[in-house]
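Q: Hey, can you walk me through this one? I'm still new to reading structures.
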Amino acid sequence: MTDDPLRDPHVPVLIVTGSSRDGSALVLDTQGYEKPLGSGPDCHLRIEGGNVDFHHARVLWDERGVVLSDEGSSTGTYVNGERIGSDHPLEDGDRICLGPPGSRNTVKLLIRVPVEI
């Protein structure tokens, strides 16, 4: 076991992969608290990208596990290449795209979820 929360998380972590924010992370350290993702100044993970809306998506860790919801974004939210709506369950290693996969203006994320969750 390491002390690096990105390599060996004890709570769920969203990690930006690629783009100018590569390696930026959002640690989900509190259950039951929604965290918005997008380009808006009030977003917990603020990410700029041509395909990223002001309030693009939100992530929540609760008794169901970690769930991701699109917030009606214009370009969509995708998990492992499939467009999602609301309350999509996430598993360790899932690849998230804010915007269409393959677009250079899309921001990509990786979710790490500890086994015990």
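A: Sure, one term to begin with: strands (E, at least two residues) are DSSP runs, numbered from the N terminus, and two of them pair if DSSP finds at least two bridges between them. This is a predicted model, so local features need pLDDT of at least 70, side-chain atom pairs count only at pLDDT 80 or more, and totals for chains, interfaces and linings use all residues. Residues are numbered from 1 along each chain as its sequence is written, and side-chain values use heavy atoms, with hydrogens and water left out.

Q: OK, what's the strand order in the open sheet of five strands?
A: The order is E4-E3-E5-E6-E9, with mixed pairing. At the edges sit E4 (45-46) and E9 (88-90), each pairing on one side only.

Q: How do E3 and E5 run?
A: Antiparallel: three bridges join E3 (residues 35-38) to E5 (residues 57-62). Pro 36, for instance, has Arg 58 in E5 as its bridge partner.

Q: New topic: is Val 79 buried or exposed?
A: Val 79 has a relative accessible area of 4%, so it counts as buried (buried means under 20%, exposed over 50%, partly exposed in between, with a 1.4 Å probe and protein chains only). Val 79 lies in strand E7 (residues 77-79).

Q: What is Val 79 in contact with?
A: Contact means heavy atoms within 4.5 Å. Leaving aside neighbours within four places in sequence, Val 79 is in contact with residues including Leu 68, Ile 84 and Ile 96.

Q: And how far apart are the C-alpha atoms of Val 79 and Val 66?
A: They're separated by 13 Å, and the two residues are 13 apart along the chain.

Definitions and conventions: Helix = DSSP H or I, 4+ residues; strand = E, 2+ residues; numbered from the N terminus.
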